[in-house]
Amino acid sequence: MIQKSITAVALVMIAISCTAQQESQNDTIPEVTPQTTAENMDYNVQKSDAEWREQLTEEQYRVLREAGTERAGTGEYNLHFEEGVYTCAGCGTELFDSDSKFNAHCGWPSFDKEIEEGKIIERLDKSYGMIRTEIVCANCGGHLGHVFDDGPTSTGLRYCVNSASLGFEAEDDSESESESEEE
Ligand SMILES: [Zn+2]
């Protein structure tokens, strides 16, 4: 019991230290509440709530469609450093290249840029008493996480993403295989 609550406190502390120092200057980014994340926009992918629930796991639904956050350090791709492309778990759009991934030691997969401009939409998120920049998939509106301007690389950005929002396609290093795929 004690061990468990210590772990919980530690996780909360990590989460706070990961996000609390962010002061957003992004006054130009439109504000939304997490509840409206997936609505009110003309996304290419339009599905009913029932369809999303059918397609996604419970955790994916909670994160992607309800702007939830997975517990730090629990996600499949937190410490995942294979070569390949990370996709949106909602619609399959390619979002991040593994080259842009780095270990931010905060418990969530972190990237320093999107794979291509326009794949990700940013919005002002004032939930939980913090001012943060939410990131959503531009194709389906699925909540991905947040982007912060404290990145350690040349972009200065840290896209902090839930593993539950992501899929992964390993880089195919066998040319014969990729050729046969195109047939
Ligand atoms: Zn998507």
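Strand E2 (residues 84–88) pairs with strand E3 in the antiparallel sense, over three bridges. Strands here are DSSP runs of E with at least two residues, helices are runs of H or I with at least four, and both are numbered from the N terminus. Two strands count as paired if DSSP finds at least two bridges between them. The model is a predicted one: local features need pLDDT of at least 70, side-chain atom pairs count only at pLDDT 80 or more, and totals for chains, interfaces and linings use all residues. Residues are numbered from 1 along each chain as its sequence is written, and side-chain values use heavy atoms, with hydrogens and water left out.

Within the E2 and E3 pairing, Thr87 has Glu94 of E3 as its bridge partner. These strands belong to an open sheet of three, ordered E3-E2-E10, with antiparallel pairing. Strand E3 (94–97) and strand E10 (166–170) each have a single partner strand and stand at the edges, so one side of each lacks a neighbour in the sheet. Neighbouring strands of the sheet are turned by 30° against each other on average, direction ignored. For such angles, axes are lines fitted to C-alpha atoms (for helices over the stretch in contact), and values run from 0 to 180 degrees between N-to-C directions.

A second antiparallel pairing joins strand E6 (residues 120–125) to E7 over six bridges. Here Arg123 stands opposite Glu134 in E7. The hairpin of E6 and E7 has six residues between the strands, and Tyr128 takes a positive phi near 55° in this hairpin.

The zinc ion is coordinated by the SG atoms of Cys88, Cys91, Cys137 and Cys140, at 2.3 Å. Donors are N, O and S atoms within 2.8 Å of the metal (3.2 Å for Na, K and Ca); water is not among the atoms, so sites may look incomplete. The angles at zinc run from 103 to 113°, which makes the arrangement tetrahedral. Four donors earn that term if all angles lie between 85 and 135 degrees. Along the chain, the donors follow the spacing C-x2-C-x45-C-x2-C. Cys91 lies in the loop between E2 and E3, and Cys140 in the loop between E7 and E8; this pair, 49 residues apart, links distant parts of the chain.

Accessibility differs between these loops' residues. Cys140 is buried, with a relative accessible area of 1%. Cys91 is partly exposed, at 26%. Buried means under 20% relative accessible area, exposed over 50%, and partly exposed in between (1.4 Å probe, protein chains only). Gly92 sits in the loop between E2 and E3 and is partly exposed, at 38%. The C-alpha atoms of Gly92 and Asn139 are 9.2 Å apart in space, with their positions 47 residues apart in sequence.

The largest nonpolar core has 22 residues, of which Leu95, Phe96, Tyr159, Val161 and Leu166 touch the most other members. Helix H3 (58–64), E2, E3, strand E7 (132–137), strand E8 (143–148), strand E9 (158–161) and E10 each give two or more residues to this core. A nonpolar core is a set of buried Ala, Val, Leu, Ile, Met, Phe, Trp, Tyr and Cys residues joined through side-chain atoms within 4.5 Å. A second, separate core of five residues includes Ala72, Cys106, Trp108 and Cys160.

Ser165, in the loop between E9 and E10, is buried at 0% relative accessible area. Beyond its neighbours within four places in sequence, Ser165 is in contact (heavy atoms within 4.5 Å) with residues including Val63, Thr87, Cys88 and His143.

Notes: Tetrahedral: all angles 85-135°; square planar, octahedral: opposite > 155°, others 65-115°.
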